[in-house]
Amino acid sequence: MTVLYANTLDYRLTPSGRLLDLGQWNEDVAYSLAEKEGISLTGEHWEVLSVMRLFYQEYNVSPTRKLLKKALKDRLGPEKATDAHLDALFPADVQIQGTRIAGIPEPLLDAELEPAHYTTGAVS
């Protein structure tokens, strides 16, 4: 079991680096998790993290990328809901890094991929 140290407290993490007890999430934990990811949190990161947490609180499920983009567009405007913006903030994917830092579960399935995410050619 991995342990995260934040603000003089210890937090247990799952093998994938997520909080074992999601109820322990706080801003200090988010800053420490982001540091482990090599991310220095800015106001733009917090905007996305806040929308992710609100979505989770409202629906009790983490948003898929498509639903996150819709929520971001509705709450913050279309310029904050682009793949380029999200990828710049969370280079290893908002679904992985963003949910981990936000202290919410990783989405189980993003079945409705947008056309830009479809692969072409033969699958090996």
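Biologist: In this predicted model, which residue of S2 is the bridge partner of valine 3?

Modeller: S1 covers residues 2–6 and S2 covers residues 9–13, and the two strands run antiparallel, joined by five bridges. Within this pairing, the residue of S2 that forms the bridge with valine 3 is arginine 12.

Biologist: Which residue in the hairpin of S1 and S2 takes a positive phi?

Modeller: The hairpin leaves two residues between its strands, S1 being 2–6 and S2 being 9–13. The positive phi there lies near 55°, and the residue that takes it is asparagine 7.

Biologist: What pattern does the protein chain follow when read along the sequence?

Modeller: The secondary structure of the protein chain comes to five helices and two strands. Read along the sequence, these elements give the pattern β-β-α-α-α-α-α.

Biologist: How many residues of helix H5 are buried?

Modeller: Helix H5 spans residues 94–102 and is mostly covered. Its buried residues include Val94, Gln97, Arg100 and Ile101, and they pack against helix H1 (27–37), helix H2 (43–59), helix H3 (65–76) and helix H4 (83–89). Of the nine residues in H5, the number that are buried is eight.

Biologist: Which residue follows H5, and has a positive phi near 75°?

Modeller: H5 runs over residues 94–102, and its buried residues include Ala102. The residue that follows the helix, with its positive phi near 75°, is glycine 103.

Biologist: Which residues have the most contacts inside the largest nonpolar core?

Modeller: The largest nonpolar core has 29 residues, and S1, S2, H1, H2, H3, H4 and H5 each supply at least two of them. H2 gives the most to this core, with six residues. Isoleucine 101 touches, among others outside its four-place sequence neighbourhood, Trp25, Leu33, Leu49 and Phe90. The residues with the most contacts inside the core are Val48 and Ile101.

Biologist: Is histidine 85 buried or exposed?

Modeller: Histidine 85 has its place in helix H4, and, leaving aside neighbours within four places in sequence, it is in contact with Glu44, Glu79 and Lys80. A residue is taken as buried under 20% relative accessible area. Because its relative accessibility is 13%, histidine 85 counts as buried.

Biologist: What share of the contacts in the protein chain with a separation of 6 or more comes from residues 24 or more positions apart?

Modeller: The protein chain has 124 residues, of which 41% count as buried. Among its contacts with a separation of 6 or more, residues 24 or more positions apart account for 53%.

Conventions: Residues are numbered from 1 along each chain as its sequence is written. This is a predicted model: local features need pLDDT of at least 70, side-chain atom pairs count only at pLDDT 80 or more; totals for chains, interfaces and linings use all residues. Side-chain values use heavy atoms; hydrogens and water are left out. Buried means under 20% relative accessible area, exposed over 50%, partly exposed in between (1.4 Å probe, protein chains only). Helices (H or I, at least four residues) and strands (E, at least two) are DSSP runs, numbered from the N terminus. Contact means heavy atoms within 4.5 Å. A nonpolar core is a set of buried Ala, Val, Leu, Ile, Met, Phe, Trp, Tyr and Cys residues joined through side-chain atoms within 4.5 Å. Two strands pair if DSSP finds at least two bridges between them.
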